[in-house]
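These are my notes from one sitting with the model. I went through unusual backbone spots, a few single residues, the cysteines and the overall figures.

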Amino acid sequence: MTYAVNPAIHRIEAPPIMEAQGWLRKGMRNRKILLLSQAVPSWSCAAELDSEVARLAHEPGISLYTDIFGLPELRAEIAGHLSADYGGSVAAHNVCVTAGCNQAFSAAMMAIAGAGGNVIVPVPYFFNHTMWLGMLGIEARFIPAVAPGATHPRPEDAERLIDEKTRAIVLCSPNNPTGAIYPPEVIAGFFALARARGIALVMDETYKDFRGGPAPAHGIFAEPGWEDTFIHLYSFSKAYAMTGYRIGSITASTSVLAEIEKILDCLAICPTHISQRAALFALTSLQDWKTEKIATMHDRLTALRHAFARPGLRYELISSGALFAYVKHPFAEETAKQVAVRLAGEHDLLCLPGSMFGPGQESYLRIAFANAEASDMETLADRLIESQG
């Protein structure tokens, strides 16, 4: 190479999931590989959606750009969905459509923070969040989210780290990687802190549909003036199994969205037109399908929790929910990556080491069980016990 690369990008570690896939041993094997490294549902999207996309492919204008913020009818439908799901008030002008939730996070953070600023992030964190902050030169200030007797962060820990350069607090609930579902009162505490200190509360709620019940995840959207503090991020990838369609959303104030519009125009102009129409169909026509699939995922979660109660299993289930389990491994003499590499190479079980999710996580592994059947959970326990020697 004869030219320089951006040092801010060069110093960021390579995408973890791609690295982990290289740990699997090559060649034939006589048993199933448990692929538990990525939260990808094991089923395809609904057959009705497939048919709708096939129909849309022949519709005049489907190859054209949409508005930068997305189709007006999709924005209105997302606003209505959020209003109903959270018992609050969200208007279409507060919503923009993005190419997935990673783009939503990236655009939102670029709009509100810059090099030299800092953002408060609970540990363990979703690695793409801190990768992006690092690329922008934004300092991530860490607070603990896993401690004895607790699987969620505390507002008082964040308060101690806020200074004049702090721009936001980032939360992810249900959490990736731990699966923990943060109590509404904890989320309310972070919202109150962010509002009082004049910073943003940014919540990645990609997995909100898997939270375990119909009660609102929090009451922020019912708060008067929520948009002055709150930025909500969502994805269609998991609940509707639309990972490749790349549709997400940002819900925020119109003033912040005006800044985000500039960023999105430079990144992709707009999400794919046909994908937006697919998302609109999903929201308006696939509620029963989504409910059935969420129930299936809950069954898998129940089976996983049951499997971890197996006598003789020395891996400890620290937290579980949505599509994830966070597990403490029993090997004090090994790093998390050493354990994960050994599980993949010797026991045909691919998961991610806790060290990929932040400092102080060497004792943990993340298991993403969306791609496993309920019947696989006992096999998971078998493989873990096998690894104990």
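I looked up D348 to begin with. The model is predicted, and in it D348 has a relative accessibility of 0%, so I put D348 down as buried, the cut-off being under 20%. I then checked its backbone: phi is about 55 degrees, a positive value although D348 is not a glycine. D348 sits in the loop between α12 (336-347) and β11 (349-350).

I noted R246 beside it. Phi of R246 is near 55 degrees, again positive in a residue other than glycine. R246 belongs to the loop between β7 (230-235) and β8. Is R246 buried or exposed? Neither label fits: R246 has 34% relative accessibility and therefore counts as partly exposed.

I kept these two because most residues other than glycine have a negative phi, and most peptide bonds are trans.

Next I went to the peptide bonds. The bond that joins V123 and P124 is cis, with omega at about 5 degrees. P124 is placed in the loop between β3 (118-123) and α6 (127-136). I found a cis bond from S173 to P174 as well, where omega is near -15 degrees. The loop that holds P174 runs between β5 and α8 (184-197).

I turned to β5 itself. T166 is in this strand, which covers residues 166-172. Its relative accessible area is 3%, so T166 is buried. Which residues does T166 touch, not counting those up to four places away in sequence? I listed N118, I120, R141, L161 and I199. I also took one distance: the C-alpha atoms of T166 and E139 are 9.1 Å apart, with the two positions 27 residues apart in sequence numbering.

From β8 (residues 248-251) I picked S249. S249 has 0% relative accessibility and so counts as buried. Its contacts, with neighbours within four places in sequence left aside, include I78, V95, C96, V97, T98 and A104. H232, L233 and Y234 are also among the contacts of S249.

I searched for disulfides, and the count came to 0. C45 is in none; the nearest cysteine sulfur is that of C101, 19 Å away. C45 is buried because its relative accessibility is 13%. C266 is in no disulfide either, and the nearest cysteine sulfur, that of C270, lies 14 Å away. At 68% relative accessibility C266 counts as exposed.

I left the overall figures for the end. How many helices and strands does the protein have? I have 13 helices and 13 strands. The C-alpha atoms fill a box of roughly 60 × 55 × 55 Å along the principal axes. For 389 residues a compact globule would have a radius of gyration near 21 Å, and the protein, at 21 Å, agrees.

Buried residues make up 55% of the 389 residues. Of the contacts with a separation of 6 or more, 74% are between residues 24 or more positions apart. I recorded an exposed area of about 16200 Å², with 55% of it supplied by carbon and sulfur atoms. Last came the charges: there are 32 positive and 40 negative, and their mean positions are 5 Å apart.

Definitions and conventions
Residues are numbered from 1 along each chain as its sequence is written. This is a predicted model: local features need pLDDT of at least 70, side-chain atom pairs count only at pLDDT 80 or more; totals for chains, interfaces and linings use all residues. Side-chain values use heavy atoms; hydrogens and water are left out. Helices (H or I, at least four residues) and strands (E, at least two) are DSSP runs, numbered from the N terminus. The radius of gyration is taken over C-alpha atoms; the globule rule is 2.2 Å times the number of residues to the power 0.38. Buried means under 20% relative accessible area, exposed over 50%, partly exposed in between (1.4 Å probe, protein chains only). Contact means heavy atoms within 4.5 Å. Accessible areas come from the Shrake-Rupley method with a 1.4 Å probe; for residues, only the protein chains shown count as cover. Lys and Arg count as positive and Asp and Glu as negative; His and the chain ends are not counted. The place of a charge is taken as NZ of Lys, CZ of Arg, CG of Asp or CD of Glu. A disulfide is a pair of cysteine sulfur atoms within 2.5 Å.
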